[in-house]
There are 2 protein chains.
Amino acid sequence: MSDQPQRRDANEISKSILQTTESLFSQYGVGNVSMHQIAKAANVGQGTMYRRYANKGDLCLELMSENFHALQEHMLQSLAELKAEPVKVRMQALFKLHLKFLEKHTQLFETIHSYITCTNTTKPFYEKAPYIFLHQTIRSLLEEAIESKESRPINADFTAHTLIASMNPKIYNFLRQKNGYSAKEVIENVNKTLLEPLFIEKK
Amino acid sequence: MSDQPQRRDANEISKSILQTTESLFSQYGVGNVSMHQIAKAANVGQGTMYRRYANKGDLCLELMSENFHALQEHMLQSLAELKAEPVKVRMQALFKLHLKFLEKHTQLFETIHSYITCTNTTKPFYEKAPYIFLHQTIRSLLEEAIESKESRPINADFTAHTLIASMNPKIYNFLRQKNGYSAKEVIENVNKTLLEPLFIEKK
DNA sequence: TTGACAATCGGACAATTGTCCGCTAATATT
DNA sequence: AATATTAGCGGACAATTGTCCGATTGTCAA
C-alpha cells in the first residue's frame with residue numbers, strides 16, 4: 001500500500017470531499033478555508049474539486065442540500081397542517097420557517113449567496129433549486145389569496161421575488177448584527193410590514 | 001525627460017485613474033477590466049490604486065459619485081416640490097427615481113454591489129453614503145406617514161431596509177432580463193405591491 | 001490474465017486580487 | 001541653492017480562483 005491513496009469510486013470521493021469540507025469549515029470558519037486547501041486535505045486534485053463543484057458556493061450548496069430538503073419538507077408539512085387556515089397565516093408560518101433557517105445556517109448561507117451571486121461561472125442563485133422552490137411556494141400561496149379575495153389582485157410572481165429579496169442572507173445578517181434586531185424582532189417585523197399589508201382585512 | 005512618467009500631484013493622479021477607468025470600462029466592459037490593467041494603463045502602481053480604492057467596487061463608487069450626488073439632489077428636489085402631496089405619492093416618486101437610476105447605471109451598479117457586498121476588505125454597502133442617504137430618506141417619509149396616520153404604526157427603520165433590499169441591483173436585473181419585465185412594469189409592480197399596501201386608504 | 005480504451009484524476013499554470021517595503025520626488029529649512 | 005525630511009509611489013510578491021492536459025486507474029473484451 002503506497003502513501004499515494006488508491007483511487008476510490010466517484011461516490012467515495014464526493015463523500016470524502018464533503019466530509020473534509022465540513023471538518024475544515026467548522027475548524028477554521030467558512031471564510032478561512034480555500035478550495036485548494038480542501039482539495040489537499042481530501043487528497044484530491046484541484047481539477048477534481050472544480051469538476052464537481054464549480055465554486056465554493058456550489059460546494060456549500062451541496063453541503064447544505066440535506067438541510068434544504070429537510071426545510072422544504074418541513075415547509076410542505078406545515079402548509080398541509082394549516083390547510084384550513086387563511087393564506088396569511090400560512091404565509092407567516094412559511095416565513096417563520098425560512099427565517100429560522102437563515103438564523104441557524106447564517107455563515108454557510110451567506111457564503112453560498114456571496115459566491116453564487118458574485119461569480120459568473122455558475123448559474124445565478126435564482127436558478128438554483130432552493131430558490132425556485134421557495135419562489136414557487138410563495139407564488140402559489142399568493143395566487144390562492146388573490147383567487148379567494150384575501151388579497152388584492154397583485155402580480156404573484158413579481159411579489160414572490162421581491163419578498164424573498166427583502167429577506168436575503170446579507171440583509172438579514174445586517175439587521176441582526178449591525179442593527180441589533182433580535183431574531184424574534186425580525187420575524188415580528190416581517191409579519192407586520194411585509195406580509196400583513198398584502199392581505200385584505202376580513203371583517 | 002525620461003520615458004518614466006513624472007510624478008504628478010495626488011489630484012492629478014486620481015483624475016488620471018478615474019479617466020482611464022472610465023475609458024477602459026466603456027471599451028471592454030466593467031467585468032473585463034482588472035485593477036492591474038487600469039493601473040498599468042494609467043501609469044500608476046498597484047499600491048497606489050489600492051491605497052485610493054480598496055477594491056473595484058470602491059472604484060466604481062467613486063466613478064459614480066457625481067451621478068449619486070445628482071440623484072440625491074434630484075430626489076430632494078422632487079420631494080420638496082411634492083411637499084403638499086400625501087406621503088404615498090412622494091414615496092412613489094422617490095422609488096421611481098431610484099429605479100430609473102438603477103436602469104440607467106445597471107452594469108456599474110451591479111458591479112459595485114457585487115464587489116462591496118462580497119468583499120471583506122471594505123465597509124459593507126450598508127455603511128456607504130448612497131445607501132445611508134436612501135435609507136434615511138425613506139425612513140423619514142415613513143415616519144411622517146405614521147405620524148399623520150397615513151400608515152399604520154410600523155417600524156420605519158426596518159421597513160426602509162427591506163424596501164431597499166427588495167429592489168437591489170441583482171434582483172432588479174434578474175427581473176428585467178431573465179424574467180422579461182419591462183422597466184415600466186417593474187415600476188408599476190413596485191408601486192402596487194411594495195408601496196401601496198404600506199399606506200392606509202383615505203376615504 | 002492481459003492488453004486496450006475510456007474515464008477521470010491531479011498538479012502545473014494563468015489570471016486576478018490585495019499587500020508590503022524600498023526608493024523616489026516634493027517640500028521645508030537654513 | 002543644497003540638504004534633510006517625509007509623503008507616498010510602484011513593482012515584486014503572496015494568496016486564491018479557476019483551467020487544462022498529460023498521467024493514471026478501472027473496466028471490459030478476448
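A salt bridge here is a side-chain nitrogen of Lys or Arg within 4 Å of a carboxyl oxygen of Asp or Glu, and the structure holds 14 of them over all chains. The model is predicted, so local features need pLDDT of at least 70 and side-chain atom pairs count only at pLDDT 80 or more, while totals for chains, interfaces and linings use all residues. Residues are numbered from 1 along each chain as its sequence is written, chains are lettered from A and ligands numbered from 1 in the order in which they are written, and side-chain values use heavy atoms, with hydrogens and water left out.

**Exercise 1. Sketch the fold of chain A.**

Task: work out how many helices and strands chain A has, and what its C-alpha trace spans along the principal axes.

Solution.
- Start with the elements, which are DSSP runs numbered from the N terminus (helices: H or I, at least four residues; strands: E, at least two). Chain A has 11 helices and zero strands, so the pattern along the sequence is just α-α-α-α-α-α-α-α-α-α-α.
- Then get the box: about 75 × 35 × 30 Å for the C-alpha trace.
- Finish with a backbone check. A:Asn43 has a phi near 55 degrees, a positive value in a residue other than glycine, and sits in the loop between helix H2 (35-41) and helix H3 (46-52) of chain A. Over in chain B, the phi of B:Asn43 is also near 55 degrees.

**Exercise 2. Take apart the two domains of chain A.**

Task: find where the domains lie and which residues of domain 1 lose the most area to domain 2.

Solution.
- The bounds, from an automatic or database domain assignment, put domain 1 at 10-52 and domain 2 at 62-198.
- Their C-alpha centres are 29 Å apart. Counting contacts (heavy atoms within 4.5 Å), you get six residues from domain 1 of chain A and five from domain 2 of chain A.
- Next comes buried area, the accessible area (1.4 Å probe) that two parts lose on being put together, summed over both. The two domains bury about 450 Å² between them, 81% of it on carbon and sulfur atoms.
- On the domain 1 side, A:Leu18, A:Phe25 and A:Val30 lose the most, together 79% of what that side buries.
- Now look for polar links: the salt-bridge count between these domains is zero. Polar contacts are pairs of N or O atoms within 3.5 Å; within protein, one must be able to donate a hydrogen and the other to accept it, and residues adjacent in sequence count only if both atoms are side-chain atoms. The rule finds zero such residue pairs across this interface (both at pLDDT 80 or more).

**Exercise 3. Trace links inside chain A.**

Task: say which residue forms a salt bridge with A:Glu103, and why the pair of A:Phe109 and A:Phe125 is called edge-to-face.

Solution.
- A:Glu103 pairs with A:Arg176, the closest N and O atoms being 2.7 Å apart. A:Glu103 is in helix H6 (residues 87-104) and A:Arg176 in helix H10 (residues 169-178), so this pair ties together parts 73 residues apart in sequence.
- For rings, use this rule: those of Phe, Tyr and Trp (its six-membered ring) pair if their centres lie within 6.5 Å, with planes under 30 degrees apart stacked, over 60 edge-to-face and the rest tilted. That gives 16 aromatic pairs over all chains.
- In the A:Phe109 and A:Phe125 pair the centres are 6.4 Å apart and the planes at 65 degrees, so edge-to-face is the label. A:Phe109 belongs to helix H7 (residues 106-118), and A:Phe125, 16 residues apart from it, to the loop between H7 and helix H8 (129-147).

**Exercise 4. Describe the interface of chains A and B.**

Task: find how much area the chains bury and which helix of chain B gives the most residues.

Solution.
- Each chain's share of the contact is 37 residues.
- Together the chains bury about 3100 Å², 64% of it on carbon and sulfur atoms. B:Tyr126, B:Phe158 and B:Thr193 supply 20% of the area that chain B buries, more than any other three residues.
- There are two salt bridges between the chains; A:Glu127 and B:Lys178 meet in a salt bridge at 3.5 Å, N to O. The polar-contact rule finds 10 residue pairs (both at pLDDT 80 or more).
- Helices H7 (106-118), H9 (156-166), H10 (169-176) and H11 (183-195) of chain B each supply at least two residues, and H9(B) gives the most, with seven.
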